[in-house]
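Got the model open next to you? Let's walk through it together, a piece at a time.

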Amino acid sequence: MTMILVDADGCPVINETIAIAKEYGLPCVLICDTAHEMHREGAETITVSKGADAVDFVLVNRIKKGDIVVTQDYGLAAMALAKQGLPLDQNGRWYTNDNIDQLLAARHKAQKIRRAGGRLRGPKKRTAEQNKGFISSLCKLCKTVQH
């Protein structure tokens with residue numbers, strides 16, 4: 001059975017994800033570290049030790065073909081794609097084999113700028129439109145995995 005796995009550290013759409021998982025009868029698993037520990041009705045929570053990429057590795061090891069992965073992390077999305085998972089971000093953008101290389105390259109470029117002492121703008125304040133986009137995309141994905 002398809003599951004929804006959530007990289008829950010700092011994820012702004014946890015409640016929406018749990019509600020949609022319940023609507024489609026899919027199990028939802030939140031994976032977070034001890035700094036972001038949470039428990040929500042309607043979802044299993046797995047808490048891991050703090051550490052660089054600790055959540056990512058636990059999540060990747062649980063992915064089965066066709067599982068939905070909610071993450072903001074391009075590296076995790078790439079690993080999910082390699083395991084034939086279906087990753088999407090908090091705004092509803094689907095990560096695909098067609099867009100992941102470009103996203104990883106942009107992330108690498110931004111890291112180089114920061115390492116050189118440069119500064120980049122942070123994300124804008126989250127909007128209701130972003131939430132709607134996420135909900136729409138996740139519902140479409142849930143419908144496709146049920147057929």
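## A walk through the model

Ile 31 sits in strand E2, which covers residues 28–33. Is Ile 31 buried or exposed? Its relative accessibility comes out at 0%, so Ile 31 counts as buried. Keep in mind that this is a predicted model.

**How far to trust it**

The average pLDDT for the protein is 90, and 97% of the residues score at least 70. Confidence peaks in strand E4 (residues 68–70), at 98, and it is lowest in H4, at a mean of 75. As a general habit, where pLDDT is low, don't read the predicted coordinates in detail.

**Strand residues and their partners in space**

Two residues of strand E1 are worth a look. Leu 5 belongs to E1, which runs over residues 4–7, and Val 6 has its place in that strand too. Leu 5 has a relative accessible area of 0%, so it is buried. Val 6 is likewise buried because its relative accessible area is 0%. Here is how these residues, along with Ile 31, are placed relative to some other parts of the chain:

| Pair | Apart in sequence | C-alpha to C-alpha |
|---|---|---|
| Leu 5 and Cys 28 | 23 residues | 6.0 Å |
| Val 6 and Ile 68 | 62 residues | 8.4 Å |
| Ile 31 and Gly 92 | 61 residues | 19 Å |

**Helix H3, end to end**

Now jump to helix H3, residues 74–82. Which of its residues are buried? Gly 75, Leu 76, Ala 77, Ala 80 and Leu 81 are. The N-terminal end of H3 is capped by Asp 73, which puts a side-chain oxygen 2.7 Å from the backbone nitrogen of Gly 75.

After H3 comes Gln 84, with a positive phi. The angle is near 65 degrees, and Gln 84 isn't a glycine. For background, most residues other than glycine have a negative phi. Gln 84 lies in the loop between H3 and E5. With a relative accessible area of 45%, it sits between the 20% and 50% cut-offs, so Gln 84 is described as partly exposed.

**The aromatic pair**

How many aromatic pairs turn up in a search of the whole structure? The search finds one. Tyr 74 and Tyr 95 make up the pair, arranged edge-to-face, with 6.0 Å from centre to centre and 70 degrees between the planes. The pair links distant parts of the chain, since the two tyrosines are 21 residues apart: Tyr 74 is in helix H3, while Tyr 95 is in the loop between strand E5 (86–88) and helix H4 (100–115). Tyr 95 has a relative accessibility of 4%, so it counts as buried.

**The largest pocket**

Finally, the empty space. The largest pocket has a volume of about 930 Å³. It is lined by 33 residues, and those closest to its centre are Gln 72, Asp 73, Tyr 74, Gln 90 and Pro 123. Two names there should ring a bell: Asp 73 is the cap of H3, and Tyr 74 is part of the aromatic pair. Which elements give two or more residues to the lining of the largest pocket? They are helix H2 (54–62) and H4. Remember, though, that H4 is where confidence is lowest.

As for chemistry, the lining of the largest pocket divides into 14 charged, eleven nonpolar and eight polar residues.

Methods. Residues are numbered from 1 along each chain as its sequence is written. This is a predicted model: local features need pLDDT of at least 70, side-chain atom pairs count only at pLDDT 80 or more; totals for chains, interfaces and linings use all residues. Side-chain values use heavy atoms; hydrogens and water are left out. Buried means under 20% relative accessible area, exposed over 50%, partly exposed in between (1.4 Å probe, protein chains only). Helices (H or I, at least four residues) and strands (E, at least two) are DSSP runs, numbered from the N terminus. A polar contact is a pair of N or O atoms within 3.5 Å; within protein, one must be able to donate a hydrogen and the other to accept it, and residues adjacent in sequence count only if both atoms are side-chain atoms. Rings of Phe, Tyr and Trp (its six-membered ring) pair if their centres lie within 6.5 Å; planes under 30 degrees apart count as stacked, over 60 as edge-to-face and the rest as tilted. On a 1 Å grid over the protein atoms alone, a cavity is a set of points where a 1.4 Å probe fits but cannot get out, and a pocket is an open set with protein on both sides within 12 Å along at least five of seven lines; lining residues have an atom within 4 Å of a point. Grid points are joined across faces, edges and corners, and a volume is the space filled by probe spheres set on the points. Ala, Val, Leu, Ile, Met, Phe, Trp, Tyr, Cys and Pro count as nonpolar, Asp, Glu, Lys and Arg as charged, and the others, Gly among them, as polar. pLDDT is the predictor's confidence in each residue, from 0 to 100.
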